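These are my notebook entries on a single protein chain. I set down what I looked up, entry by entry.

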Amino acid sequence: MVSRTGLIRTLIALLAFLFWAPVSTAAAAQAAPAAAAADECGVLAPGASAAAERAIAAACTEVAAGTWYTWGGGHGAQPGATYGQVDPTDPDDSAHDPERRGFDCSGLVRHAYAQATGSDILNGVASQQYYTHRAAERFTAAQGLAPLLPGDLLAWGTSKDLHHIAIYLGAGKMVEAKESGTKLMVSDVRLNGNYYGAVRVNTGQVTGHIHQTWGTDVWTKAEPRLAAARVYAFPYSTTIRVECQKHAEEVTSDGYTNDVWSYLPDYKAWVTNIYIKGPAWLAGVPDCDQRPTP
């Protein structure tokens with residue numbers, strides 16, 4: 001025969017089991033999605049701006065929709081998916097790209113940040129997006145992922161040819177339009193020898209001396225002289241931020257002669273003022289030789 005005390009203890013244990021078991025089961029159910037979050041498309045770390053989070057959401061919407069990579073996709077008159085083209089460097093893999101609406105790497109970045117800000121702030125190829133005058137901060141390959149926040153743009157290639165760009169999600173993951181024959185995807189960040197660095201996008205007001213270039217394939221130089229090492233060529237008219245200008249080597253090109261060069265902090269390079277729209281000496285831009293030494 002069970003004593004009254006034993007019976008009470010049994011009832012207490014049974015009630016405790018019935019009360020706590022559902023709570024524990026619910027907690028486990030909630031923990032499961034959190035563990036899988038790193039494999040999903042979304043903001044995977046804290047610290048991102050609201051605009052960066054909206055850009056990630058826009059890119060992840062395309063991932064969820066099963067949108068294709070298409071070479072040249074996303075570079076229409078307005079941001080958004082477009083039919084692609086055959087990549088002349090890889091015609092076999094890209095043979096079906098003209099039949100598919102989608103994005104290439106920079107087309108996706110353009111679309112994501114246009115959706116986030118309501119303005120086409122990153123129109124251009126991967127190099128132009130990395131070298132954007134809207135850079136809030138830049139990070140070298142040597143810095144790795146530690147200083148990055150979700151929404152930062154990751155770039156691969158060299159200063160002369162940045163050929164791929166993706167959006168960082170956090171937790172070592174990124175969302176990208178990778179290559180022909182694949183759909184937009186979440187990938188592990190590839191910190192290999194080809195990784196160049198990252199840039200944080202300033203989606204607010206841009207400060208500094210903002211100008212526009214003209215011409216095609218206009219090279220920037222490591223120093224203000226024609227024989228200096230090439231850094232990057234503007235493929236077409238590009239918005240740039242000018243830090244200062246100075247008289248240096250005289251250049252004659254396209255019917256103009258000018259000895260003024262401008263320093264572009266986003267490129268860490270110089271360009272002749274011949275290819276900057278405006279007067280030979282840009283109004284309001286300080287003389288590099290007369291600026292105080294930092």
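**Entry 1. Tyr232 and its ring neighbours**

I began with Tyr232, which counts as buried because its relative accessibility is 4%, below the 20% cut-off for that class. I note at the outset that the model is predicted.

I next looked up Phe234, which is also buried, with a relative accessible area of 0%. I then counted ring pairs and found 11 aromatic pairs. Tyr232 and Phe234 form one of them, an edge-to-face pair with 5.9 Å from centre to centre and 85 degrees between the planes. I followed the ring pairs outward and recorded a cluster that links Tyr130, Tyr131, Tyr196, Tyr232, Phe234 and Tyr267.

I turned to the strand in this region, E12, which spans residues 230-234. I noted that E12 is mostly covered, with 4 of its 5 residues buried. Its partner E11, residues 218-221, pairs with E12 in the antiparallel sense over 3 bridges. Within this pairing I found Val218 opposite Phe234.

**Entry 2. Ser127**

I asked whether Ser127 is buried or exposed. Ser127 has a relative accessibility of 5% and therefore counts as buried. I located Ser127 in helix H4, residues 126-130.

Which residues does Ser127 contact, once its neighbours within four places in sequence are left aside? I listed Asp161, Leu162 and Tyr232. The last of these is the tyrosine of my opening entry, part of the edge-to-face pair with Phe234. I also checked Ser159, which is 32 residues from Ser127 along the chain; the two C-alpha atoms are separated by 8.2 Å.

**Entry 3. The six-stranded sheet**

I traced an open sheet of 6 strands, in the order E4-E9-E5-E6-E7-E8, with antiparallel pairing. Its edge strands are E4 (135-140) and E8 (185-188), each of which pairs on one side only. From one strand to the next I recorded an average twist of 35 degrees.

I then examined E9, residues 195-201. On one pairing, E4 and E9 run antiparallel and share 5 bridges, and I found Ala135 opposite Val201 in E9. On another, E5 (residues 153-158) and E9 pair in the antiparallel sense over 4 bridges. Here Leu153 stands opposite Val199, and Trp156 stands opposite Tyr195. How many of the 7 residues of E9 are buried? I counted 6, and E9 is thus recorded as mostly covered.

**Entry 4. Helices against the sheet**

I looked up what packs on this sheet of 6 strands. Helix H3 lies across E5, E6, E7 and E9 and runs at about 45 degrees to E6.

I checked the length of H3, residues 105-117. At 1.5 Å a residue, its 13 residues should span 18 Å; the end C-alpha atoms are 19 Å apart, which agrees. I recorded H3 as mostly covered, with 11 of its 13 residues buried. Among them I noted Cys105, Ser106, Gly107, Arg110, His111 and Tyr113. Just after H3, Gly118 takes a positive phi of about 75 degrees.

**Entry 5. Arginines over rings**

I searched for charged side chains over aromatic faces and noted two arginines. Arg100 lies over the face of Trp68, at 3.7 Å from the ring centre. Arg101 lies over the face of Tyr83, at 5.6 Å from the ring centre. Both values are within the 6 Å cut-off for a charge over a ring.

**Entry 6. Whole chain**

I closed with the totals. The protein has 4 helices and 16 strands, and 43% of its 294 residues count as buried. Of the contacts with a separation of 6 or more, 59% are between residues 24 or more positions apart. One contact I had already entered is that of Ser127 with Tyr232.

Methods
Residues numbered from 1 in each chain as written. Predicted model: local features only at pLDDT ≥ 70, side-chain atom pairs only at ≥ 80, totals over all residues. Heavy atoms only, no water. Buried < 20%, exposed > 50% of the residue type's maximum accessible area, 1.4 Å probe, protein only. Helix = DSSP H or I, 4+ residues; strand = E, 2+ residues; numbered from the N terminus. Pairing = 2+ DSSP bridges. Expected span 1.5 Å × (residues − 1). Phe/Tyr/Trp six-rings, centres within 6.5 Å; stacked < 30°, edge-to-face > 60°. Lys NZ or Arg CZ within 6 Å of the ring centre and 35° of its normal. Axes fitted to C-alpha atoms, helices over the stretch in contact; angles between N-to-C directions. Contact = heavy atoms within 4.5 Å.
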